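Please look over the structure shown here. The report that follows takes up its salt bridges, its cysteines, a sheet, a helix and the nonpolar cores.

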Amino acid sequence: MATSPAGVFAGIFLLVALYCGTDPFRHSALSGFPDFEAYKVDMPPWSEVPTERDSQNLLQRSEIKFLNQVQGPESIAFDPLGRGPYTGVADGRVLFWDGQAWSDFAYTSPNRSELCNPKPSPLSYLKNEHICGRPLGLRFDKKTGDLYIADAYFGLMKVGPEGGLAKSLTTEAEGVPLRFTNDLDIDDEGNVYFTDSSSTYQRRNFLHLVFSAESGGRLLKYNPVTKETTVLERNLQFPNGVSLSKDRTFFVFCEGAIGRLRKYWLKGEKAGTSEVFAVLPGFPDNVRTNKDGEFWVAVHCRRTLYTHLCAIYPKLRKFILKLPISAKIQFVLHIGGRLHGVVVKYSPEGKILQVLEDSQGKVVRAVSEAEEKDGKLWMGSVLMPFIAVFDLV
């Protein structure tokens with residue numbers, strides 16, 4: 001008796017479903033994560049996504065500095081005297097460039113050992129990050145010269161102008177531990193606004209936070225006088241960068257999974273509330289304010305129709321993630337096939353002023369943060385072994 005094409009198709013479908021449901025050879029991106037769940041992301045309508053592009057791929061004109069001298073420089077900071085840059089790297093140290101060479105400035109873990117010794121790439125450190133520390137966002141208090149550090153594992157920290165082992169300021173809020181401290185900024189009174197990107201995933205599993213879009217992220221405030229940490233907003237999907245406005249009336253923070261900037265009001269009638277500031281062309285990492293009050297947003301990757309559909313249909317996303325395709329390949333699919341650097345400048349009102357990109361990933365393959373200083377844009381990335389510098393003049 002001949003089997004119909006429909007029967008053959010049904011049989012194949014059942015076998016694929018059985019394989020995905022059991023993952024017998026542990027080839028899927030979800031192997032080792034039995035409790036993984038995918039959540040819906042309320043993406044902005046596709047029609048609202050900005051279409052502006054840098055047709056000249058201007059970021060390809062960037063200068064690559066410190067190649068293989070810095071591994072995964074996420075954040076770039078300059079001290080109140082204008083010295084630097086300072087940057088946090090993958091082995092848990094904060095380094096300082098004195099104009100001639102790099103030197104150790106600070107570190108976040110009291111448990112450093114040979115596990116933290118130099119390795120060939122930024123991702124080589126992932127499995128030991130919880131031991132060595134992983135400094136992400138960096139900010140100097142311009143009055144005191146203290147450096148504030150958002151360490152992914154050790155929470156919000158501070159080190160004096162002389163450097164050394166950073167002091168822990170807070171590791172929890174409302175009894176819930178900080179699982180993935182990410183970025184911060186400081187107001188004129190010394191209050192620190194910062195993000196905890198997930199209540200489930202730590203940074204060494206950041207890909208699964210991207211895949212999951214779980215809503216355990218929080219926006220927090222640390223009061224240096226009372227030593228209290230309060231939750232300003234909760235139920236956020238991968239909150240990330242934070243940056244105060246020039247006039248200090250508000251700050252913006254990045255919603256990584258949705259691809260938006262939100263404005264959180266600090267002063268005026270709307271104080272204590274937030275609203276959408278801008279829909280981004282992709283998924284953001286950090287944001288930094290320049291001397292003119294404009295915001296530079298580092299975009300991890302541009303949106304694609306694939307990521308849009310996977311975001312709004314979590315069952316489809318989870319099915320794809322259960323296929324015998326590694327997490328690394330799933331990540332490449334998520335970013336559109338290849339790494340590509342994008343930074344976008346926004347006005348204080350949330351309007352796009354400039355787009356800079358390397359759509360082919362030839363020179364600047366990824367950007368985690370863009371810090372403007374003296375007519376130059378300093379760009380770091382957790383994925384790259386260098387800092388890229390673009391001349392804005």
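## Salt bridges

Lysine 376 and aspartate 391 form a salt bridge, with their closest N and O atoms 3.8 Å apart. The model is predicted. Aspartate 391 sits in strand S27 (residues 387–391) and lysine 376 in strand S26 (residues 376–380), so the pair ties together parts that are 15 residues apart in sequence. Are the two partners buried, exposed or partly exposed? Aspartate 391 is partly exposed, at 41% relative accessible area. Lysine 376 is partly exposed too, at 34%.

The count of salt bridges comes to 22. One of them is a pairing of glutamate 63 with lysine 65, at 3.8 Å from N to O. Glutamate 63 has a relative accessible area of 45%, so it counts as partly exposed. Lysine 65 is partly exposed at 22%; the cut-off for buried is under 20%. Lysine 270 meets glutamate 275 through a further salt bridge, 3.3 Å from N to O. Lysine 270 is partly exposed, with a value of 41%. Glutamate 275 is partly exposed, with a value of 26%. Salt bridges also link Arg53, Arg302 and Glu357 in a network. Side chains of opposite charge can pair when their charged atoms come close.

## The disulfide and other cysteines

How many disulfides does the structure hold? There is one. Cysteine 116 is joined to cysteine 132, with an S to S distance of 2.1 Å. The link between cysteine 116 and cysteine 132 is left-handed, at -95 degrees about the S-S bond. Cysteine 116 lies in the loop between strand S5 (102–107) and helix H2 (129–132), while cysteine 132 belongs to helix H2, so the disulfide ties together parts that are 16 residues apart in sequence. Cysteine 116 and cysteine 132 are both buried.

Cysteine 254 is in no disulfide. Its nearest cysteine sulfur is that of cysteine 301, 13 Å away. Cysteine 254 is buried, with a relative accessible area of 0%. Why does the sulfur of cysteine 301 form no bond with the closest cysteine sulfur? That closest sulfur is in cysteine 310, 12 Å away, which is too far for a bond. Cysteine 301 is buried as well, with a relative accessible area of 0%.

## Helix H4

Cysteine 310 is one of the buried residues of helix H4 (residues 305–312). The others are Thr307, His308 and Ala311. What do the buried residues of H4 pack against? They pack against S21, helix H5 (314–321) and helix H6 (327–334).

An α-helix has 3.6 residues a turn, so residues three or four places apart point the same way.

## A four-stranded sheet

S21 belongs to an open sheet of four strands. The order is S21-S22-S23-S24, and the pairing is antiparallel. Which strands lie at the edges? They are strand S21 (282–289) and strand S24 (352–358), each of which pairs on one side only. On average, neighbouring strands of this sheet are turned by 20 degrees against each other, direction ignored.

Strands of a sheet pair through backbone hydrogen bonds, either parallel or antiparallel. Strand S23 (residues 341–346) pairs with S24 over six bridges, in the antiparallel sense. Valine 344 has valine 355, in S24, as its bridge partner.

## Nonpolar cores

The largest nonpolar core has 60 residues. Which of its residues touch the most other members? They are Val343 and Met379. Helix H3 (residues 206–212) gives the most to this core, with four residues. A second, separate core has 16 residues, including Phe250, Cys254, Tyr346 and Val355. Val355 is also the bridge partner of valine 344, and Cys254 is the cysteine in no disulfide described above.

Back in the largest core, which residues does methionine 379 touch, leaving aside those up to four places away in sequence? Its contacts include Leu59, Ser62 and Val343. Val367, Glu369 and Ala370 are also among them. The list further includes Phe386, Ile387, Ala388, Val389 and Phe390.

Terms used. Residues numbered from 1 in each chain as written. Predicted model: local features only at pLDDT ≥ 70, side-chain atom pairs only at ≥ 80, totals over all residues. Heavy atoms only, no water. Core = buried A, V, L, I, M, F, W, Y, C linked by side-chain atoms within 4.5 Å. Buried < 20%, exposed > 50% of the residue type's maximum accessible area, 1.4 Å probe, protein only. Helix = DSSP H or I, 4+ residues; strand = E, 2+ residues; numbered from the N terminus. Contact = heavy atoms within 4.5 Å. Pairing = 2+ DSSP bridges. Axes fitted to C-alpha atoms, helices over the stretch in contact; angles between N-to-C directions. Salt bridge = Lys/Arg side-chain N within 4 Å of Asp/Glu carboxyl O. Disulfide = S-S within 2.5 Å.
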